[in-house]
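Subject: Structure handover and findings

Hello,

Here is the structure I promised to pass on. Please open it alongside this message; my notes follow below.

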Amino acid sequence: MIVTVTMNPAIDKTVEIDTLQPGGLNRIQKVEYDAGGKGINVSKTIRELGGRSIATGFLGGNAGRTIASVLDEKEIQNDFIWVEGETRTNTKVFEKNGAVTELNEPGPVILESQIDQLIEKLESYADSQTLVILAGSIPNGVDKKIYARMIQKMHEAGAKVLLDADGELFRHSLEAGPDIIKPNRIELEEYFGCDYRASDEELLRMAKDLQKKGISTVAVSMGKSGAMMVREGYEVRCPALSVKAHSTVGAGDAMVAALAYSWEQKLDHEQTVRLCMAASAGAVTTIGTKPPTRELVDTLSKQVEIQKIF
């Protein structure tokens, strides 16, 4: 069973314009709406890959009801805790030159009692066959150690945890020893206090240092440089696939979904790497946060080049 946790979900509004004119009139050429938030994006991609998951977290107001309705339509099981206030709407403005301007709302205030409810809900799902995905930001005012607390609770119940977070949230969470993580290059460099662009060898050393905290899989996304996968006895990197990119939004979420799907399906190292690279590359070809189709992922997976790291 895969459970995705989105503590700060959103309706993703994606608009396309020629060139952003600050302080002036901007005519929108195209607009897309979708249920968003990192965990929800992961659930959508898992569904497209042919798997199933349970999406949970916090929802509120009309925007929350819209997100729940979208998930129901996509046949994605969801079990959210309903809160006062309105789930946020995040607007992404895409220009023809590839520039992206993001306008993110704060979202509702979450009470400590509601956090306790969410943890109890997760514990009701958790067992040795469960992978819990903690992904994305948390609402304002929530303790930055919340993911670490959840990781500890999930481990006590026998479940595994996949973490995708950044900054202070990432740093505190690592101390609890998640089982799988997907940092990007910048997040690793910041965590290790590296103020320059780290080499592949240095990124490998960082990943191996993290394994000492009990992390079995470290998947490092490196943007146009591809990605790196580090597991016990398996250390590889893959160049980025050549695709017609529309937006990089959602590429990391697609990789997390592929990691989770691979875990549940018990895919081997190579199958996992190919699926991760293909899903991530496929995601950049879609509009907004829409997931790539399984057909596209299967086509791209054959093009993945796997290289050993020396």
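Aromatic pairs come to two in this predicted model. One joins Phe170 and Tyr191: their ring centres are 5.8 Å apart and their planes stand at 75°, so the pair is edge-to-face. This pair links distant parts of the chain. Phe170 sits in helix H5 (residues 167-174) and Tyr191 in helix H6 (residues 185-191), 21 residues apart. The rings of Tyr191 and Phe192 make an edge-to-face pair too, with centres 5.1 Å apart and planes at 85°. Phe170, Tyr191 and Phe192 together form one aromatic cluster.

How accessible are the members of this cluster? Phe170 is buried, with a relative accessible area of 2%. Tyr191 has 22% relative accessibility, above the 20% limit for buried, so Tyr191 counts as partly exposed. Phe192, at 28%, is also partly exposed.

Next, strand E1.

E1 covers residues 2-6 and is mostly covered, with five of its five residues buried. Side chains in a regular strand alternate between the two faces of the sheet. Which residues of E1 lie on each side? Ile2, Thr4 and Thr6 are on one side, and Val3 and Val5 are on the other. Both faces are covered, as these residues are all buried.

E1 has two pairings to look at. Strand E9 (residues 131-135) runs parallel to E1, and four bridges join them. Within that pairing, Ile2 stands opposite Leu131. Strand E4 (residues 54-59) also pairs with E1 in the parallel sense, over four bridges. Here the bridge partner of Val5 is Thr56.

Now the helices.

Helix H10 spans residues 294-301, and its buried residues are Val297, Leu300 and Ser301. Viewed down the axis of H10, these buried residues fall within an arc of 100°, so they line one face of the helix. What do the buried residues of H10 pack against? Their packing partners are helix H1 (38-49) and helix H9 (269-283).

H1 also holds Thr45. Buried means under 20% relative accessible area, and Thr45 is at 4%, so Thr45 counts as buried. Setting aside neighbours within four places in sequence, Thr45 is in contact with Ala254, Ala257 and Pro291.

Last, the cavities.

How many cavities of 30 Å³ or more does the whole structure hold? A search finds four. The largest cavity has a volume of about 70 Å³. Its lining includes Ala219, Ala227, Met228, Met229, Val236, Arg237 and Cys238. Met255, Val273, Cys276 and Met277 also line the largest cavity. Which elements give two or more residues to that lining? They are strand E13 (227-231), strand E14 (234-238) and H9. H9 thus comes up twice in these notes: at the lining of the largest cavity, and as a packing partner for the buried residues of H10.

If you want a place to start viewing, try the cluster of Phe170, Tyr191 and Phe192. Then turn to E1 and its parallel partners, E9 and E4.

Best wishes

How values were computed. Residues are numbered from 1 along each chain as its sequence is written. This is a predicted model: local features need pLDDT of at least 70, side-chain atom pairs count only at pLDDT 80 or more; totals for chains, interfaces and linings use all residues. Side-chain values use heavy atoms; hydrogens and water are left out. Buried means under 20% relative accessible area, exposed over 50%, partly exposed in between (1.4 Å probe, protein chains only). Two strands pair if DSSP finds at least two bridges between them. The arc is that of the directions from the helix axis to the C-beta atoms. Contact means heavy atoms within 4.5 Å. Rings of Phe, Tyr and Trp (its six-membered ring) pair if their centres lie within 6.5 Å; planes under 30 degrees apart count as stacked, over 60 as edge-to-face and the rest as tilted. On a 1 Å grid over the protein atoms alone, a cavity is a set of points where a 1.4 Å probe fits but cannot get out, and a pocket is an open set with protein on both sides within 12 Å along at least five of seven lines; lining residues have an atom within 4 Å of a point. Grid points are joined across faces, edges and corners, and a volume is the space filled by probe spheres set on the points.
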